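Open your viewer and get ready to click along. Each stop on this tour tells you what to select and what you will find there.

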Amino acid sequence: MRALTVATAVLVTVGVAALGEGPPATQGGPYTAEQAARGEVLYKEQCVSCHGELSAFVPEMSTLLADHTFRSRWAKRSLGELFELIQLEMPQEAPGTLSRRQTADLVAYILSGNKVPAGELELSDDLKQLRQILFEP
């Protein structure tokens, strides 16, 4: 009987310890700081001439990508929608020329400019996955 009690106690202890183990929870947002940095370089090459700096206010330019109007327009919409728009229609002078990876990096940079925190995993370029993530500035 004593052996059964000890065995049960060991199993309970191991079980409780196992609940606390496992992969660490991902902290922060859906992209990495490194990915956003790549996106920033690309943004300066491909986007800034039409959209301006993310933190600038230049009314005569195209949609600013980090102002309240942009955030209101995209709030609660999927990152998949934003990804598709960029992938198909940007840059204006050469639509559809960005790779899927470049587009994901640009979305990451736009998220960072909108104060969405970086996380531990890169933003995917898989449209099905991106449709599951909402833009929540």
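We begin with the whole chain and then visit its parts.

**Stop 1: the whole chain**

Keep in mind throughout that this is a predicted model. Show the protein chain as a cartoon: it has seven helices and zero strands. Walking from the N terminus, you meet the elements in the order α-α-α-α-α-α-α.

Now switch on the surface. The accessible surface of the chain comes to about 8400 Å², and carbon and sulfur atoms hold 59% of that area. The chain has 137 residues, of which 34% count as buried. What share of the contacts with a separation of 6 or more comes from residues 24 or more positions apart? The share is 63%.

**Stop 2: where α2 meets α6**

Select α2, which covers residues 33–46, and α6, which covers residues 100–113. Two packed helices are described by the angle between their axes and the distance between the axes. Here the angle is about 100° and the axes are 7 Å apart. Angles of 65 to 115 degrees count as roughly perpendicular, so α2 and α6 are roughly perpendicular to each other.

To see who makes this contact, show side chains. On α2, pick out Gln-35, Ala-36, Arg-38, Gly-39, Glu-40, Leu-42 and Tyr-43. On α6, the partners are Arg-101, Gln-102, Ala-104, Asp-105, Leu-106, Ala-108, Tyr-109 and Ser-112.

Stay with Glu-40 of α2 for a moment. Is Glu-40 buried, exposed or partly exposed? Its relative accessibility is 30%, so Glu-40 counts as partly exposed. Draw a C-alpha to C-alpha distance from Glu-40 to Ala-108: the two are 68 residues apart in sequence and 8.8 Å apart in space.

**Stop 3: Thr-32, in the loop ahead of α2**

Select Thr-32, in the loop between α1 (2–20) and α2. With a relative accessible area of 7%, Thr-32 is buried. Its side chain reaches the backbone nitrogen of Gln-35 at 3.0 Å. Gln-35 was also part of the contact between α2 and α6. Leaving out residues up to four places away in sequence, Thr-32 touches Ala-118, Gly-119, Glu-120, Leu-121 and Glu-122.

**Stop 4: Phe-70 in α4**

Next, select α4, residues 68–74, and find Phe-70 within this helix. Because its relative accessibility is 2%, and buried means under 20%, Phe-70 counts as buried. Which distance separates Phe-70 from Asn-114 in space? Their C-alpha atoms are 9.2 Å apart, while 44 residues separate the two in sequence.

**Stop 5: one face of α5**

Select α5, residues 79–89. Colour its buried residues: Leu-79, Gly-80, Leu-82, Phe-83, Ile-86 and Gln-87. Look down the axis of α5, and these residues fall within an arc of 160°, so they line one face of the helix. An α-helix has 3.6 residues a turn, so residues three or four places apart point the same way. What do the buried residues of α5 pack against? They pack against α4, α6 and α7.

Now add Leu-85, also in α5. With a relative accessible area of 24%, Leu-85 is partly exposed. Apart from neighbours within four places in sequence, Leu-85 is in contact with Trp-74 and Met-90. A line between the C-alpha atoms of Leu-85 and Pro-95 spans 9.9 Å, and the two are 10 residues apart along the chain.

**Stop 6: some backbone surprises**

A general rule helps here: most residues other than glycine have a negative phi, and most peptide bonds are trans. Select Lys-76, in the loop between α4 and α5. Lys-76 is not a glycine, yet its phi is positive, at about 70°. Lys-76 is exposed, with a relative accessible area of 55%.

Move on to Lys-115, in the loop between α6 and α7 (127–130). Lys-115 also has a positive phi without being a glycine, in this case about 65°. At 70% relative accessibility, Lys-115 counts as exposed.

For the last selection, go to Pro-91, in the loop between α5 and α6. Is the peptide bond from Met-90 to Pro-91 cis or trans? The bond is cis, with omega near -10°.

Technical notes:
Residues are numbered from 1 along each chain as its sequence is written. This is a predicted model: local features need pLDDT of at least 70, side-chain atom pairs count only at pLDDT 80 or more; totals for chains, interfaces and linings use all residues. Side-chain values use heavy atoms; hydrogens and water are left out. Helices (H or I, at least four residues) and strands (E, at least two) are DSSP runs, numbered from the N terminus. Buried means under 20% relative accessible area, exposed over 50%, partly exposed in between (1.4 Å probe, protein chains only). A polar contact is a pair of N or O atoms within 3.5 Å; within protein, one must be able to donate a hydrogen and the other to accept it, and residues adjacent in sequence count only if both atoms are side-chain atoms. Contact means heavy atoms within 4.5 Å. The arc is that of the directions from the helix axis to the C-beta atoms. Accessible areas come from the Shrake-Rupley method with a 1.4 Å probe; for residues, only the protein chains shown count as cover. Axes are lines fitted to C-alpha atoms, for helices over the stretch in contact, and angles run from 0 to 180 degrees between N-to-C directions. Angles under 35 degrees count as roughly parallel, over 145 as roughly antiparallel, 65 to 115 as roughly perpendicular and the rest as oblique.
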